[in-house]
Amino acid sequence: MRNSKGSLIRPMPLPQGASTPVVTPLSPSVVYASETPDALDDQYEGRVHGYTYSREGHPNADVVAARLDAMEGVTGGIVTGSGMGAVTAVLLGLLRAGDHVIGGNQLYGRSLRMMKEDLPRLGIETSLADPGDIDAMRAALRPETRMILVEVVSNPTLRVADIAGLAALCQEKGVLLVVDNTFTTPRAFRPFDHGADIVLHSVTKLLAGHSDVMLGWVGARDRDLNDKLRVFAVTAGLTASPFDCWLAERGLLSFDLRFDRAQQTAQALADHLAGLTGVLRVLYPMRDDHPDQTLARSLLGDQGCNMVSFELAGGRAAANAFTRAADGLSFAPTLGDVGTTLSHPASSSHRALSVDERAALGLSEGFFRVSVGLEDQGALLDVIAQAVAASQQV
Ligand SMILES: *Cc1c(COP(=O)(O)O)cnc(C)c1O
């Protein structure tokens, strides 16, 4: 192995010891060498396991995929370079021109964009419908409908999809039910147990959890679908880098604890906000005043997750004062970070909508979404209460 003359260029292998590392090693190698052409035959023909080229697969991706597979209760899921990579693998890897797909009407912004712009450009027809309204979904079905894509809890209005009703409808019509489980996570909801055919995640958010990893995951119950997703992801270059997978694995080790803690604080924050002057309404799935309270209980039990939305009186001026006074909380368009983040849909995620379109969703200039993090509960409630008070003085 060692080339003392220095004429060959090859790094030194790691020294082997009698002990083993307790942390998964990072394997950034793009390519994997084989002993002989025969050995490569064995590998390609499935008699032995091995890697060849990291776009096709690598150990760190397999480690993360196996963990996420277990969390969602499926085998053969794949890790993608982002949550949108997972959405793309499903929509472009499984549909063909002439097919029709229905999306939830409040999907993540880029998923909506793909439904509205990119799929039609490729000859795939799309419709949007309210995933909490089975009659509306049924009315949107066509003979060519192949797939329904929904999120369990919508962003940022936290409306709840009728997953049981959708699963029954999809089964009746032979349509694939695809669930984006990013907001709910397998800790609160396991879509395969409720009839989903395909589940996907932005691992970037709660699962990796530290805002330092861009990653997605998608898995199907059916083996052939998983194979199709994998082949398309590899061909389209949607697969993930070893470093992101390595960091994501570390994040996943503490996911359950982080989720439980953030959720507990979110419930407390929702109840606290509801009692503050200047707060017009609070949205949290476990509150009795949530519009989908019964559906939320039936799907999530008592798990309301970590997102809380609310509306301040006083419009944009109050919103500016609120973010200015919310000392130590990032006003940043993400969710699921260890730190609490604030999102203002009217100026960020939903700015492309007209005022009327936003009004139809209930998104006024005073509307905020809070992704609750791991701060001390009392400290967080105090900062937000003080920022709400400051917002009402302008
Ligand atoms: C963020 C997000 C995505 C996209 O994930 P990226 O990792 O940012 O590509 C998809 N769906 C939902 C619900 C999200 O919140």
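## Nonpolar cores

In this predicted model, the largest nonpolar core has 85 residues, and those touching the most other members are Ile148, Leu215, Leu273, Val308, Phe310, Phe322 and Ile384. Helix H10 (residues 255-274) supplies the largest share of this core, with seven residues. Another core lies apart from it and has 27 residues, among them Ile78, Leu94, Val218 and Ala220.

Leu273 illustrates the packing in the larger set. Beyond its neighbours within four places in sequence, Leu273 is in contact with Val279, Val282, Val308, Phe310, Ile384 and Val388.

## Ligand site

The ligand is surrounded by 14 residues, of which Gly83, Asp180, Ser202, Thr204 and Lys205 are the closest. Two side chains place an N or O atom 2.8 Å from a ligand oxygen atom: that of Ser202 and that of Lys205. Met84 contributes through its backbone, where a polar atom is 2.9 Å from an oxygen atom of the ligand. The ligand taken alone exposes 380 Å², and the protein buries 94% of that area.

Met84 also has a link to helix H4 (residues 109-121), in which Ser111 is found. Setting aside neighbours within four places in sequence, Ser111 is in contact with Met84 and Val87. Ser111 has a relative accessibility of 2% and therefore counts as buried, the limit being under 20%.

## Aromatic pairs

The structure holds six aromatic pairs. One of them joins Tyr32 and Tyr51, with 5.5 Å centre to centre and 45 degrees between the planes, and is tilted. Tyr32 is in the segment before helix H1 (37-44), while Tyr51 is in the loop between H1 and helix H2 (59-72), so this pair ties together parts 19 residues apart in sequence. The two tyrosines fall on either side of the 20% limit for burial: Tyr32, at 22% relative accessibility, counts as partly exposed, whereas Tyr51, at 19%, is buried.

The pair of Phe310 and Phe368 is stacked, because the ring centres are 6.0 Å apart and the planes meet at 20 degrees. Phe310 lies in strand E9 (residues 307-312) and Phe368 in strand E12 (residues 367-371), so the pair ties together parts that are 58 residues apart in sequence. Both of these phenylalanines are buried. With Phe322, Phe310 and Phe368 form one aromatic cluster. Phe310 and Phe322 are also among the residues that touch the most other members of the largest nonpolar core, and Phe310 is one of the contacts of Leu273.

Key
Residues numbered from 1 in each chain as written. Predicted model: local features only at pLDDT ≥ 70, side-chain atom pairs only at ≥ 80, totals over all residues. Heavy atoms only, no water. Core = buried A, V, L, I, M, F, W, Y, C linked by side-chain atoms within 4.5 Å. Buried < 20%, exposed > 50% of the residue type's maximum accessible area, 1.4 Å probe, protein only. Helix = DSSP H or I, 4+ residues; strand = E, 2+ residues; numbered from the N terminus. Contact = heavy atoms within 4.5 Å. Near = heavy atom within 4 Å. Polar contact = N/O pair within 3.5 Å; in protein donor to acceptor, adjacent residues only side chain to side chain. Areas by Shrake-Rupley, 256 points an atom, 1.4 Å probe, with all protein chains shown as cover. Phe/Tyr/Trp six-rings, centres within 6.5 Å; stacked < 30°, edge-to-face > 60°.
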